[in-house]
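Work through the exercises below with the sequence and the predicted model open beside you. Try each task before reading its solution.

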Amino acid sequence: DFISNMSHELKTPLATMKVAVEAMREMDPVSKKETMQEYLGMTSQEITRLDLLINNIMNSMLIENMQQPLRNETVSVEEAIENVLRSFRLNPAHEKMHFRLTADAGAMLIEADEMHVQGIFYNLIDNSLKYGGENVEMAVHLIQTTNQVIVTFSDNGPRIPQAYLHKVFDKFFRVPTGDLHNVKGYGLGLNYVAQVMKQLGGSVSAKNLPEGGCCFTLLFPKRS
């Protein structure tokens, strides 16, 4: 099952890149220059995502044991989220996803490894898509305080059973889905999120919403 799920995860970015490349082959590079640049950007994002997926297993253990140092660079949180969203929007399988992004005024800058920050956002969005059903609605809100950048991911999917809320960040843990057998994954995505946030000096938490769905909250230390 682990190998099967891993294979599925690796095929997803490859499928997106295939769609983008085939579309570009049919374009006129002169009249469609801007569109081609956009598709090339999407393909680049998927290559980054593919690299992240391949390294997720190795990095999960290395980051947990503090053997995988993260790069320290200035990252715009809003730009990082937008970059991840572009790769999702290109995939026809995600056309029913409704996404709303709101943010406090001003640049929201943190000191972090941009690839891993995007990996955090990718894993949280992908998690909602896996469990959210046909029409996923997700709201992301960015708040900044004096010392922190707070990012919340809320969706309209099923709630996490209360008994499992404290386990969702454990390595290899997957919430039981009853009769659903089409939810792919290998139980590392949320553990990866927790380990990266810990190394960045931040934190992540999950809670169920009164109106349904759940909310993940990320607390990033603000750039000094």
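**Exercise 1.** Find which residues Ile-125 touches, not counting residues up to four places away in sequence.

*Solution.* Begin with the rule for a contact, which is that heavy atoms lie within 4.5 Å. With residues up to four places away in sequence left out, Ile-125 touches Val-84, Leu-85, Phe-88, Met-97, Phe-99, Met-138 and Phe-153. Before going on, note that this is a predicted model, in which local features need pLDDT of at least 70 and side-chain atom pairs count only at pLDDT 80 or more, whereas totals for chains, interfaces and linings use all residues. Residues are numbered from 1 along each chain as its sequence is written, and side-chain values use heavy atoms, with hydrogens and water left out.

**Exercise 2.** Describe the largest nonpolar core and state which element gives the largest share of it.

*Solution.* A nonpolar core is a set of buried Ala, Val, Leu, Ile, Met, Phe, Trp, Tyr and Cys residues joined through side-chain atoms within 4.5 Å. Here buried means under 20% relative accessible area, while exposed means over 50% and partly exposed lies in between, with a 1.4 Å probe and protein chains only. The largest core has 42 residues, and those with the most contacts inside it are Phe-121, Ile-125, Val-151, Phe-153 and Leu-218. Two or more residues each come from α3 (77-90), β3 (109-112), α4, β4, β5, α5 and β7, where helices (H or I, at least four residues) and strands (E, at least two) are DSSP runs numbered from the N terminus. The largest share, seven residues, comes from α4. As background, nonpolar side chains tend to be buried together in soluble globular proteins.

**Exercise 3.** Work out the strand order of the five-stranded open sheet, and explain why β2 and β6 each have one side without a neighbour in the sheet.

*Solution.* Two strands pair if DSSP finds at least two bridges between them. The order is β2-β4-β5-β7-β6, and the pairing is mixed. Because β2 (98-103) and β6 (203-208) stand at the edges and each has a single partner strand, one side of each is left without a neighbour in the sheet. Neighbouring strands are turned by 15 degrees against each other on average, direction ignored, where axes are lines fitted to C-alpha atoms, for helices over the stretch in contact, and angles run from 0 to 180 degrees between N-to-C directions. Looking at one edge in detail, β2 and β4 (residues 137-144) run parallel and are joined by six bridges, and the bridge partner of His-98 in β4 is Glu-137.

**Exercise 4.** State which strands helix α4 and helix α5 lie across, and give the angle of each helix to β7.

*Solution.* Helix α4 (residues 114-131) lies across β2, β4, β5 (148-155) and β7 (214-221), and runs at about 175 degrees to β7. Helix α5 (residues 189-199), for its part, lies across β6 and β7, running at about 25 degrees to β7.

**Exercise 5.** Identify the rings that Phe-121 links with in a cluster, and classify its pairs.

*Solution.* Rings of Phe, Tyr and Trp (its six-membered ring) pair if their centres lie within 6.5 Å, and planes under 30 degrees apart count as stacked, over 60 as edge-to-face and the rest as tilted. By this rule the count comes to three aromatic pairs. The ring centres of Phe-121 and Phe-153 are 5.7 Å apart and their planes are at 35 degrees, so this pair is tilted. Phe-121 is in helix α4 and Phe-153 in strand β5, 32 residues apart, and the pair thus links distant parts of the chain. Phe-121 also pairs with Phe-220, edge-to-face, at 6.2 Å centre to centre and with 75 degrees between the planes. Since Phe-220 lies in strand β7 and Phe-121 in helix α4, this pair ties together parts that are 99 residues apart in sequence. Ring pairs therefore link Phe-121, Phe-153 and Phe-220 into a cluster. Both Phe-121 and Phe-220 are buried, and Phe-153 is buried with a relative accessible area of 3%.

**Exercise 6.** Decide whether Thr-152 is buried or exposed, and list its contacts.

*Solution.* Thr-152 is found in strand β5, and its relative accessible area of 16% makes it buried. Leaving aside neighbours within four places in sequence, Thr-152 is in contact with Ala-139, Val-140, His-141, Cys-215, Phe-216 and Thr-217.
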